[in-house]
Amino acid sequence: MLERHGWRVLHSIPLANKVDIDHLLIGPGGVFSINTKHHHKRAVWVGDDSVVVDHGKPAPYARKSRAEAKRVIRVLERYCDFPVPVEPELVFVGVTELKVVATQLDVRVYQERQVAALAPLSGVLTAEQIEHVYSVARHRQAWNQA
């Protein structure tokens, strides 16, 4: 779906310390660093800076997603001669309920079937820039210092 709108997708980009970027979406609307969280048949509540699963202990998912997006910017802008805007995203998979009550959240929050809503976004990167960012992001060596 996203590809036919000019988007490129990369999955499981390895970083140092056995960490990875779950998905990287590169397209006309910019770059999105997607952090997926699987909480099968659970209810998820998202506030400004915390996520609570089934009334449990708050998790720092939003903070970690922002940090991940900053790492992506550092890597991509090292090899691109233009600004590369990267937005963090949290995508919840398998949840029964997703309630977002954030007012200041700078991380987009979706359920897995809602990610396609990004397809029509445009005006951020040209087709040439998309291909350049994609070629940089595909090279594992670029991520060695991330």
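**Pockets of the predicted model**

In the second largest pocket of this predicted model, the lining residues divide into 4 nonpolar, 1 polar and 5 charged. The lining is formed by L15, V19, D20, N35, K37, Y61, K64, A67, E68 and R71, and the space that lies within this pocket amounts to about 150 Å³. Two elements, β3 and α1 (61-79), each contribute at least two residues to the lining, and of these α1 provides the largest share, with 5 residues. Among the charged residues of this lining are D20, K37, K64, E68 and R71, whereas the nonpolar ones include L15, V19, Y61 and A67.

The largest pocket holds about 180 Å³ of space, and its lining consists of L2, V9, H11, H23, L24, L25, I34, T36, V91, V93, E112 and V115. The elements that supply two or more residues to this lining are the strands β1 (8-14), β2 (20-27), β3 (30-38) and β6 (86-93), with β2 giving the most, namely 3 residues. By residue class, the lining of the largest pocket divides into 8 nonpolar, 3 polar and 1 charged; the charged class is represented by E112, and the polar class includes H11, H23 and T36.

The strand β3 is thus listed for both pockets, as one of the elements that give two or more residues to the lining of the largest pocket and as a supplier of at least two residues to that of the second largest pocket.

Technical notes
Residues numbered from 1 in each chain as written. Predicted model: local features only at pLDDT ≥ 70, side-chain atom pairs only at ≥ 80, totals over all residues. Heavy atoms only, no water. 1 Å grid on protein atoms, 1.4 Å probe; cavity = no way out; pocket = protein on both sides within 12 Å on 5 of 7 lines; lining within 4 Å. Points joined across faces, edges and corners; volume = space filled by probe spheres on them. Helix = DSSP H or I, 4+ residues; strand = E, 2+ residues; numbered from the N terminus.
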